[in-house]
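Here is a quick tour of a single chain, taken a few spots at a time. Keep the viewer open and follow along.

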Amino acid sequence: MMRLERGSSRLYGMMLMLAAVVLVVDQLTKLWAVSTLSDSERVAVIPPLIHFRLLYNPGAAFSMGTGATWVFALAATAAVAGILYTARRLASPAWALVLGVLLGGAASHLGDRLFREPGFARGHVVDFIDYGLFVGNVADIALTCGCIAMVLLSLRGVPLARVPSEKPV
């Protein structure tokens with residue numbers, strides 16, 4: 001069983017709660033898109049910048065690697081496991097937020113890869129927010145924002161994890 005450092009359990013819980021919110025919002029919006037949009041339909045949201053258009057993406061960003069869907073399932077599994085492991089000694093609320101957003105996005109994509117058609121570990125991700133250059137979803141937004149925030153926290157020198165000898169704040 002994974003052991004949390006003293007003082008980190010509150011931050012870990014906050015991270016898990018945010019991850020759950022991201023996952024639920026992403027899956028609910030995908031459910032809406034699948035039940036509302038047809039494959040060829042394009043609905044203007046903020047013309048000409050943003051439209052809704054339903055796509056099933058077997059690959060990664062920009063539909064790269066469409067023949068290697070199982071690799072993306074493994075990568076998402078590794079991301080989820082890595083975030084959960086790293087977060088055991090969280091030292092800052094900012095990192096808890098960033099890791100929560102990243103965990104939620106990665107977990108939602110993992111769920112798509114594992115449980116959507118055409119089959120286990122080969123599932124296609126539901127994308128429906130068309131930006132003109134690419135089509136994404138709420139998890140993609142969370143992952144992009146989380147990565148940007150991760151870089152900013154790193155540049156500012158905000159510590160991610162408490163060194164084991166440090167006393168909790």
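What follows goes through the annotated site, one helix and its surroundings, the cysteines and the aromatic rings. Bear in mind throughout that this is a predicted model.

## The annotated pair

Let's start with what the record offers. An unreviewed UniProt entry lists D127 and D140 under "active site". D127 sits in strand β3, which covers residues 125-130, while D140 belongs to helix α4, residues 138-156. So the record's pair brings together a residue from a strand and a residue from a helix.

How buried or exposed are D127 and D140? D127 has a relative accessible area of 4%, so it counts as buried. D140 comes out at 24%, which makes it partly exposed.

Now for the company they keep, leaving aside neighbours within four places in sequence. D127 is in contact with R53, L54, L55, N57, V135, G136, N137 and D140. For D140 the list is H109 and D127. The two annotated residues, then, are in contact with each other.

## Helix α3 and what sits by its start

Helix α3 runs over residues 93-115, 23 residues in all. From first C-alpha to last, α3 reaches 32 Å, close to the 33 Å expected at 1.5 Å a residue. The helix is mostly covered, with 17 of its 23 residues buried. H109, mentioned above as a contact of D140, falls within the residue range of α3.

At the N-terminal end of α3, S92 acts as a cap: one of its side-chain oxygens lies 3.3 Å from the backbone nitrogen of A94. S92 also has a partner from much later in the chain. L160, in the segment after α4, has its C-alpha 6.6 Å from that of S92, although 68 residues separate the two along the chain.

L160 is partly exposed, at 26% relative accessibility. Beyond its neighbours within four places in sequence, L160 is in contact with T86, R89, L90, A91, S92, W95 and L99.

## Cysteines without a bond

How many disulfides does a search of the whole structure find? Zero. Take C145 and C147: the sulfur of C145 has its closest cysteine sulfur in C147, 9.5 Å away, and that is too far for a bond. The cut-off for a disulfide is 2.5 Å between sulfurs. Looking from C147, the closest cysteine sulfur is that of C145, again at 9.5 Å.

Both side chains have some access to the outside. C145 is partly exposed at 45% relative accessibility, and C147 is partly exposed at 36%.

## Aromatic rings

The count of aromatic pairs comes to five. In one of them, W32 and F52 have ring centres 5.2 Å apart and planes at 70°, so the pair is edge-to-face. This pair links distant parts of the chain, with W32 in helix α1 (residues 9-36) and F52 in strand β2 (residues 50-57), 20 residues apart. W32 is partly exposed at 35%, and F52 is partly exposed at 22% relative accessibility.

Y131 and F134 form a tilted pair, 4.9 Å centre to centre with 35° between the planes. Y131 is partly exposed, with a relative accessible area of 29%, and F134 is partly exposed too, at 38%.

There is also a cluster to pick out: W32, F52 and F128 form one aromatic cluster. F128 comes from the residue range of strand β3, the strand that holds D127.

Notes: Residues numbered from 1 in each chain as written. Predicted model: local features only at pLDDT ≥ 70, side-chain atom pairs only at ≥ 80, totals over all residues. Heavy atoms only, no water. UniProt positions renumbered as here; feature names shortened; annotations may be inferred. Helix = DSSP H or I, 4+ residues; strand = E, 2+ residues; numbered from the N terminus. Buried < 20%, exposed > 50% of the residue type's maximum accessible area, 1.4 Å probe, protein only. Contact = heavy atoms within 4.5 Å. Expected span 1.5 Å × (residues − 1). Polar contact = N/O pair within 3.5 Å; in protein donor to acceptor, adjacent residues only side chain to side chain. Phe/Tyr/Trp six-rings, centres within 6.5 Å; stacked < 30°, edge-to-face > 60°.
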